[in-house]
Amino acid sequence: MRRRSINRVTAFVLSAVILLFSLSSCDGFPFFTGSLTEGKLVCHYLDIGQGDSIFIELPNNKTMLIDSGENYHGAGIITYIKSTGHDKIDYLVGTHPHSDHIGSLAYIVRNFEIGEVYLPKVSTNSKVYEDLLKALKNKKLTAKSGKAGVNIIDDSDKNLQADIIAPVKLDKENLNNSSIIIKMTFEKTSFLFTGDAEKSELASVKSDLSADVLKVGHHGSSTSTTKDFLKKVNPKIAVISCGAGNDYGHPHKNTLKLLKQADCEVHRTDREGTVSVTSDGRDYEVKTGLSSIARAK
Ligand SMILES: [Zn+2]
């Protein structure tokens, strides 16, 4: 009797193992893959207070970081990235050399494995910018020039593409208008990352601006989003990255009005913490209230 029951258990375990091995050979089955998000694109709009920092898990298991907020968020950003199971930033982008965007890049370059780096070809004499250049040099990394026409990712296997569509022309007086703008497409879904580009830079873009998910320009400032721009993008989801009770009054009420008129779903890091948008290539899933880097301090 006892022996028979052991045999039954053995038979059950064996059949379960055989079933798992046969299923694991199926393409895309969730067992035995490297990451829970493999095959999906997960875009994390990190709550770093007033500023921008966007971490993207790509469907080919690579990663991108666009901006890093002020210079005291580096450790928090690295902890967040590690919590997703990644230990490398394959593509690092500093949209423009203002401290609320590149502030922590030097720390991240010094303390994390970095692949390619993209910066616009404008310089400034701020300490955070000089620190970043020094950190890149010490690590023997050379920043590529981020300008319209540069292709960052062209992965036809995953139907994944990331192109820099601006700056078309550099504005050395107003660095916001030299912001790197990236359009990313994954199968039938698309994302637009605008940095702090203001009206004149947004109007100068010659490429197709249409995107399902828009990172609203310049923290929702009235100097950025226009009705015409929103018409061209036609977003379903808009994410505003700004700090709670910030001194600039971001987002501006007019921007919120325009987004409402454009009939898109609006999310804000100042109210909802870190926001993530996951794409499986067709549909989106939005999560809010994820680990906040600003509020952890
Ligand atoms: Zn900014």
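# A zinc site and its surroundings

Biologist: Which protein atoms are the donors of the zinc ion?

Modeller: In this predicted model, the zinc ion has as its protein donors Asp 100 (OD), His 101 (NE2), Asp 196 (OD) and His 219 (NE2), which lie 2.1 Å from the metal.

Biologist: And what are the angles like at that site?

Modeller: The angles among the 4 donor atoms run from 85 to 151°, and the site of the zinc ion is classed as irregular. That label applies because four donors count as tetrahedral if all angles lie between 85 and 135 degrees, and the range here reaches 151°.

Biologist: How are the donor residues spaced in sequence?

Modeller: The spacing is D-H-x94-D-x22-H. His 101 sits in helix 3 (residues 99-102), while His 219 belongs to the loop between strand 11 (213-215) and helix 7 (227-233), so that this pair, 118 residues apart, links distant parts of the chain.

Biologist: Are those two histidines, His 101 and His 219, buried or exposed?

Modeller: His 101 and His 219 are both buried.

Biologist: What about His 218, where is that one?

Modeller: His 218 is also placed in the loop between strand 11 and helix 7, and at 13% relative accessibility it counts as buried. Its phi is near 50°, which is a positive value in a residue other than glycine. For context, a negative phi is what most residues other than glycine have.

Biologist: What is phi for Asn 234?

Modeller: Asn 234 has a phi near 50°, again positive in a residue other than glycine. This residue is found in the loop between helix 7 and strand 12, and with a relative accessible area of 54% Asn 234 is exposed.

Biologist: Changing topic, which peptide bonds are cis?

Modeller: One cis bond joins Ala 166 and Pro 167, with omega at about 10°, and Pro 167 lies in the loop between strand 8 (160-166) and strand 9 (181-186). Another runs from His 250 to Pro 251, with omega near -5°, and Pro 251 is in the loop between strand 12 (237-240) and helix 8 (253-261).

Biologist: How many disulfides does the structure hold?

Modeller: The number of disulfides is 0. As for individual cysteines, Cys 43 is buried with a relative accessible area of 0%, and Cys 264 is buried too, at 12%.

Biologist: What does the chain look like overall? How many helices and strands?

Modeller: The protein chain has 9 helices and 15 strands, and 49% of its 297 residues count as buried. Among contacts with a separation of 6 or more, 61% are between residues 24 or more positions apart. The accessible surface comes to about 14800 Å², and carbon and sulfur atoms account for 50% of that.

Biologist: And the confidence, what does pLDDT average over the chain?

Modeller: The average pLDDT of the protein chain is 90, and 88% of the residues score at least 70. Over residues 1-6, however, pLDDT is below 50, and this stretch has 0 contacts in the model beyond near neighbours in sequence. Residues 9-34 also stay under 50, with 5 contacts beyond four places in sequence. Where pLDDT is low, the predicted coordinates should not be read in detail.

Biologist: Last one: where is Asn 138, and how far is Arg 110 from it in space?

Modeller: Asn 138 is in helix 5 (residues 127-138), and at 63% relative accessibility this residue counts as exposed. Asn 138 and Arg 110 are 8.4 Å apart, C-alpha to C-alpha, with their positions 28 residues apart in sequence.

Methods:
Residues numbered from 1 in each chain as written. Predicted model: local features only at pLDDT ≥ 70, side-chain atom pairs only at ≥ 80, totals over all residues. Heavy atoms only, no water. Disulfide = S-S within 2.5 Å. Buried < 20%, exposed > 50% of the residue type's maximum accessible area, 1.4 Å probe, protein only. Helix = DSSP H or I, 4+ residues; strand = E, 2+ residues; numbered from the N terminus. Contact = heavy atoms within 4.5 Å. Areas by Shrake-Rupley, 256 points an atom, 1.4 Å probe, with all protein chains shown as cover. Donors = N, O, S within 2.8 Å, 3.2 Å for Na, K, Ca; no water. Tetrahedral: all angles 85-135°; square planar, octahedral: opposite > 155°, others 65-115°. pLDDT = per-residue confidence, 0-100.
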